[in-house]
Amino acid sequence: MKRSLVKVYLLLALLCILPTSASAMHIGEGLLPVGWSISWAVVCLPFIVTGFLSIKKRIGATPKAKILLAMCGAFAFVLSALKIPSVTGSCSHPTGVGLGAILFGPTATSVLGLIVLVFQALLLAHGGITTLGANTFSMAIAGPIMSWVVFKLLKKAKAPVGICVFFAAALGDLFTYVVTSVQLTMVYGGFGKFISVFAVTQIPLAIAEGLLTVVIFNVLTKYSKTELHDLAVM
């Protein structure tokens, strides 16, 4: 069953590699000055290095977790490729990184997010290489950190697991766009304009992502309970 689930996610990922509008992006190619692009890339480096080490440690301790890791990557790729044009040169879309943050932590998810963003920039014209650092920070670092913190706090408060997963995924999604708005504001100004335009599409998308993540988590609870226990999620 676990192999079947992986095949489903990979198939969905392949279906996303279809002709799409090049104007629909995270933060589009060339929209940030060179200095800002380099700065965001430098900020991301420690998280990416820590993420690789975290993945190596997790996989070494729980080899079967490779399947779940691949699923989290495919899940993020599929959801974040479903884009709705928003601010000029940017867009609203689910992020899909909340699931990875819940299962593997935010640093490991930063690596998954980086891989997803690279493939989307090269294959879908979604995002860009010059803005890879900024997009990585908002979607693959800031969002997962928020998801992980929310999940841990609600779990500690003994909230039902479905509630923990829902709010972790939804708030991680929303926080990604708060950070994206800040990044654009630092260059162009007008935080209120960016955040208000994003909110129109992103709030319902965040709710939908939260619900979908709960469904996927429930499936994993049924068929991958051992791995979830090994990862200290359950």
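**Loops, helices and buried polar side chains in a predicted chain**

Lys158 sits in the loop that links helix 6 to helix 7. In this predicted model, Lys158 is a convenient place to begin, as its backbone and its surroundings can be described together. Its phi is positive, at about 65°, although Lys158 is not a glycine. With a relative accessible area of 73%, the residue is exposed, because the cut-off for that class is over 50%.

A wider view of the chain helps to place this loop. The fold contains nine helices and two strands, and read from the N terminus the order of elements is α-α-α-β-β-α-α-α-α-α-α. Of the 234 residues, 51% count as buried. Among contacts between residues at least 6 apart in sequence, 77% join residues at least 24 apart. The accessible surface comes to about 10,500 Å², and carbon and sulfur atoms account for 76% of that area.

Beyond the loop of Lys158 comes helix 7, which covers residues 161-188. How far should its 28 residues span at 1.5 Å a residue? The expected value is 40 Å, and the end C-alpha atoms are 40 Å apart, so the model agrees with the expectation. Helix 7 is followed by Gly189, where phi is again positive, near 75°.

Helix 8, made of residues 191-223, holds Pro204, and Phe198 is found in helix 8 as well. These two residues fall into separate accessibility classes. Phe198 is buried, at 1% relative accessibility, whereas Pro204 is partly exposed, with a relative accessible area of 45%. Each can be paired with a residue earlier in the sequence. Phe198 and Thr180 are 18 residues apart along the chain, with their C-alpha atoms 9.5 Å apart in space. For Pro204 and Leu174, a sequence separation of 30 residues goes with a C-alpha to C-alpha distance of 10.0 Å. Thr180 and Leu174 both carry numbers that fall within helix 7, residues 161-188.

The C-terminal part of the chain offers another non-glycine residue with a positive phi. Ala232 has a phi of about 65° and is found in the segment after helix 9, which spans residues 225-230. Ala232 is partly exposed, with a relative accessible area of 47%.

Helix 5 can be treated in a similar way to helix 7. At 1.5 Å a residue, its 18 residues should span 26 Å, and the end C-alpha atoms are 25 Å apart, which agrees. Its buried residues are Pro106, Ala108, Thr109, Ser110, Val111, Leu112, Gly113, Val116, Leu117, Gln120 and Ala121. What covers them? The cover includes helix 2 (34-61), helix 3 (65-80), helix 4 (98-104) and helix 6. An α-helix has 3.6 residues a turn, so residues three or four places apart point the same way. Just after helix 5, Ala125 takes a positive phi of about 55°.

Leu122, in helix 5 (residues 106-123), is not among the buried residues. At 60% relative accessibility, Leu122 counts as exposed. Together with Ile115, Phe119, Leu123 and Ile129, Leu122 forms a nonpolar patch on the surface, and the accessible area of these residues together is about 490 Å².

Two polar residues further along the chain meet the backbone of Ile27. Thr131 is found in the loop between helix 5 and helix 6 (132-156), while Asn135 is placed in helix 6. Are these side chains buried or exposed? Thr131 is buried, with a relative accessible area of 0%, and Asn135 is buried too, with a value of 3%. The side chain of Thr131 reaches the backbone oxygen of Ile27 at 2.7 Å. A polar atom in the side chain of Asn135, for its part, lies 3.0 Å from the backbone nitrogen of Ile27. Ile27 is thus approached at its backbone oxygen by Thr131 and at its backbone nitrogen by Asn135.

The contact lists fill in the surroundings of this pair. Leaving aside residues up to four places away in sequence, Thr131 touches Ile27, Gly28, Glu29, Gly30, Leu31 and Leu32. On the same basis, Asn135 touches His26, Ile27, Leu117, Gly127, Gly128 and Ala140. One of these contacts, Leu117, is a buried residue of helix 5.

Note on methods
Residues numbered from 1 in each chain as written. Predicted model: local features only at pLDDT ≥ 70, side-chain atom pairs only at ≥ 80, totals over all residues. Heavy atoms only, no water. Helix = DSSP H or I, 4+ residues; strand = E, 2+ residues; numbered from the N terminus. Expected span 1.5 Å × (residues − 1). Patch = residues over 30% accessible without salt bridge, like charges linked within 9 Å, V, L, I, M, F, W, Y side chains within 5 Å. Areas by Shrake-Rupley, 256 points an atom, 1.4 Å probe, with all protein chains shown as cover. Salt bridge = Lys/Arg side-chain N within 4 Å of Asp/Glu carboxyl O. Buried < 20%, exposed > 50% of the residue type's maximum accessible area, 1.4 Å probe, protein only. Polar contact = N/O pair within 3.5 Å; in protein donor to acceptor, adjacent residues only side chain to side chain. Contact = heavy atoms within 4.5 Å.
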